[in-house]
Number of protein chains: 2
Amino acid sequence: MPNPFRLLATDPTGARRGTLTLPRGVVETPTFMPVGTSAAVKGVTADQVAATGAGIILGNTYHLALAPGADKIAKLGGLHRFMGWSGPILTDSGGFQVFSLPKTRVDERGVTFEFEKGGQPMELSPERSMEIQAQLGSDIAMVFDECLEYPCPERRAAESIERTFRWERRSKEAHARLVLEKRISGATGQQLLYGIVQGSTFPALRQRSAQQIASLDFDGYAIGGVSVGEGLELLKKIVGWTAPFLPADRARYLMGVGLPEDLFASVERGIDQFDCVIPTRYARGGTLFTARGKIRIEHRKYRRDAYPIDTSCDCYPCKTVPRAYLHHLFETREPLGETLATIHNLRFYQRLLAGMRSAIEQARFAAYRDEFLGNYLRASEESPGAD
Amino acid sequence: MPNPFRLLATDPTGARRGTLTLPRGVVETPTFMPVGTSAAVKGVTADQVAATGAGIILGNTYHLALAPGADKIAKLGGLHRFMGWSGPILTDSGGFQVFSLPKTRVDERGVTFEFEKGGQPMELSPERSMEIQAQLGSDIAMVFDECLEYPCPERRAAESIERTFRWERRSKEAHARLVLEKRISGATGQQLLYGIVQGSTFPALRQRSAQQIASLDFDGYAIGGVSVGEGLELLKKIVGWTAPFLPADRARYLMGVGLPEDLFASVERGIDQFDCVIPTRYARGGTLFTARGKIRIEHRKYRRDAYPIDTSCDCYPCKTVPRAYLHHLFETREPLGETLATIHNLRFYQRLLAGMRSAIEQARFAAYRDEFLGNYLRASEESPGAD
């Protein structure tokens, strides 16, 4: 498959502006992918997600294999038809769950999780993960890797990247067979495959893993093993150690990141793709993003507030209801509160990324970053309602 | 205020086709009003409600007075602006809560409820209910009445309709003062007032109450004291005893009703307006309305079902996702399941009412009823998944 990434411009900071041509559409990069773990971005319809400007969303191999089962989704025509989302979808491989969920076995073959499906323990391996993702029919599949915990001893990380390398080679071979056998679900029958770099917090291991994975020639490259509790300073370092060893002509995806400040730091280090539960999870907890920092909508100071969530925002709730209404919905536990908050936060992220793209085109990413973070972080600290 | 109701056609059955010209728009009747108790139709945005075809929605005096408080809503410009709904709104008076909620006092002045607001017991009276509804700025306010329990001794019902008559006269006087003093919230500053007939299950009391209330000359008339457990056969009788004594040139609203079969029976007895929590509450519980009866989407027979909820429906979920997806969302407790189910059920009701209006225009209401209920009720009984 030809390289789906096209680099349009590079800012003096190193930030990249590009496009990603996927089976179901062209995505403008840098891009943020809302997370739809179980075939739904929690609390919002596919139409509402699209209306926030999201061009691509994420689904999860592990969760979808547990419920409803990838075979069922395949028989229904694939994940896009199942969930009524016609744009591109990226599926995570389950590798992150090797880090985050209880396991009964991790060995060279793969992983067995504690959770059961139909009375059988749930198992994942490179081959099984590729099979599930083929059944789902996502536009971008991710290789199955071993996502390491943080902190992690260097010896363990060194051994793990070798296993990850072997698992990714097996992933690539399994994926090639599935494509050849026309077993990718969905109307397009096409699916890209991204590699994932591991290596924990060790520069030499990150470099080695990046070079190993790059040698396998994937459609794009992800930096994994982040967003596991390492914090922004270490995240910046990891990206800085890794990105230079990834092919410059391919898309780079930083997995599970992050807050607005994390995105700025990463985009200027050459990252093109992000996914994160933060905008949706924070929304459900009543934390809303605004140009002047995060606000906690349940705070009593909003109970008579006639202003929209963010006066600079053009999302549906900001155009139609006051903060006092959101406050009321959260106070009375009306489920609509979480929905409106989610729409707003997703739109905030899409506007943030659109601003980045525009700034890169104009070679003024640093100025945009300083202006945005100046308002955003200062206000977050000053505001008594911020968290 | 001029009579807002215009009668366009009457079917041989007695079913009426009309329009209701309200401060914020014209409503086609017979009409069904989705219930937005606490300034939200549970789980759906105002835009989604509008997209189902709903022309008017209902809000609740009692609940809104408790949270966030009618004074707050008034200061924010009224209920329409607060919740981002620009179409007509009818507010219930709190009279139904006299029946449904625990009280510490019911006397000639009014009612004191057990629930407290700001440390004070919540009180309602004709004057207070009118004041709250003026603050909310609804298009149609309802008089404050005493909604009786079922069954109810005749002597108690006889005494109660006299109190209801006195309360409604006080409601009308209080409302007239509020209009005169320009205390109706919102851009239009206008508000209609409907009377409510009580009388429990006694024909002579229903007739007497209807004549008493009609003598007060309201903008429209509601039949109250139904949907309290009396069942369809008794409901039909109550409507049959009451409607003939209401002014034929005014709109008639049957409060809190009901299932599709209830609506058919009531429309042919001359009812023009309905509200009910059934479509929204059933949706949240996983019961979906279809032309072939109700289905329980959590039933395992839907887990691989590639058909839309209802093949004859044009709602957003029916156009975009299979039953298996709804089944999955309910199984995994994704909140989106309740949202999509609510959109579908609300659209089902709006299509049902649109079908009734069209049938009345063509003087074939009985044929439409028999055809609809023939498919709907027969299938409901036969289908193992129906409830």
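Let me start with B:Lys182, which is exposed, with 8 other C-beta atoms within 10 Å, and which has a positive phi of about 55 degrees although it is not a glycine. Please keep in mind throughout that what we are looking at is a predicted model. Along chain B, Lys182 is found in the loop between α7 and β11, the latter covering residues 192–197.

Now set beside that a residue of chain A with a similar entry in its backbone description. A:Ser200 also is not a glycine, and its phi is positive at about 50 degrees. Is A:Ser200 buried or exposed? A:Ser200 has 25 other C-beta atoms within 10 Å, and since 20 or more is the cut-off for burial, A:Ser200 counts as buried. The loop that holds A:Ser200 runs between β11 (192–197) and α8 (203–214) of chain A.

While we are on the backbone, chain B has two cis peptide bonds that I would like to point out. One of them joins B:Thr29 and B:Pro30, with an omega of about 0 degrees, and B:Pro30 sits in the loop between β3 (25–29) and β4 (31–34) of chain B. Another joins B:Tyr150 and B:Pro151, where omega is about -10 degrees, and here the proline, B:Pro151, belongs to the loop between β10 (140–142) and α7 (154–180) of chain B.

Let me turn to chain A as a whole. Its secondary structure comes to 15 helices and 16 strands. The radius of gyration of chain A is 20 Å, which is close to the 21 Å that the globule rule gives for 387 residues, so chain A is as compact as a globular protein of that length. If you rotate the C-alpha trace of chain A onto its principal axes, it spans about 60 × 45 × 40 Å. Of the 387 residues in this chain, 58% count as buried, and, among the contacts in chain A with a separation of 6 or more, 69% are accounted for by residues 24 or more positions apart.

Next, the sheet. In chain A there is an open sheet of 3 strands, in the order β7-β8-β9, and the pairing is antiparallel. Its edge strands are β7 (103–106) and β9 (120–124) of chain A, each of which pairs on one side only, and from one strand to the next the twist averages 35 degrees. As a general reminder, strands of a sheet pair through backbone hydrogen bonds, either parallel or antiparallel. Looking at one of the pairings in chain A, strand β8, residues 111–117, is joined to β9 by 4 bridges, with the two strands running antiparallel, and A:Val111 stands opposite A:Leu124 in β9.

For the strands β7 and β8 I will move to chain B. There, β7 (residues 103–106) and β8 (residues 111–117) run antiparallel and are joined by 3 bridges, with B:Lys103 standing opposite B:Phe113 in β8 of chain B. These two strands, β7(B) and β8(B), form a hairpin with 4 residues between them.

From the strands we go to the interior. The largest nonpolar core has 236 residues, and those with the most contacts inside it are A:Tyr194 and B:Tyr194. Which residues does A:Tyr194 touch, if we do not count those up to four places away in sequence? They are A:Ile140, A:Met142, A:Val143, A:Phe218, A:Asp219, A:Gly220, A:Tyr221, A:Ala222 and A:Tyr253.

A second buried position worth walking through is B:Leu326, which has 27 C-beta neighbours inside 10 Å and has its place in helix α13 of chain B. Leaving aside neighbours within four places in sequence, B:Leu326 is in contact with B:Ile297, B:Ile309, B:Pro317, B:Val321, B:Gly337, B:Leu340 and B:Ala341. The C-alpha atoms of B:Leu326 and B:Arg303, which are 23 residues apart along the chain, are separated by 8.8 Å.

That helix, α13, leads me to the last topic, the contact of the two chains. How many residues does the contact take from each chain? It takes 36 residues from chain B and 36 residues from chain A. On the side of chain B that touches chain A, the elements that give two or more residues are α1 (46–51), α3 (70–75), α4 (79–83), α12 (316–320), α13 (323–331) and α14 (335–361) of chain B. By class, this side of chain B has 19 nonpolar, 8 polar and 9 charged residues.

Notes
Residues are numbered from 1 along each chain as its sequence is written. Chains are lettered from A and ligands numbered from 1 in the order in which they are written. This is a predicted model: local features need pLDDT of at least 70, side-chain atom pairs count only at pLDDT 80 or more; totals for chains, interfaces and linings use all residues. Two strands pair if DSSP finds at least two bridges between them. Axes are lines fitted to C-alpha atoms, for helices over the stretch in contact, and angles run from 0 to 180 degrees between N-to-C directions. The radius of gyration is taken over C-alpha atoms; the globule rule is 2.2 Å times the number of residues to the power 0.38. A residue is buried if 20 or more other C-beta atoms lie within 10 Å of its own, exposed if 12 or fewer, and partly exposed in between; C-beta atoms are placed from the backbone. Two residues are in contact if their C-beta atoms, placed from the backbone, lie within 7 Å. A nonpolar core is a set of buried Ala, Val, Leu, Ile, Met, Phe, Trp, Tyr and Cys residues joined through C-beta atoms within 7 Å. Ala, Val, Leu, Ile, Met, Phe, Trp, Tyr, Cys and Pro count as nonpolar, Asp, Glu, Lys and Arg as charged, and the others, Gly among them, as polar.
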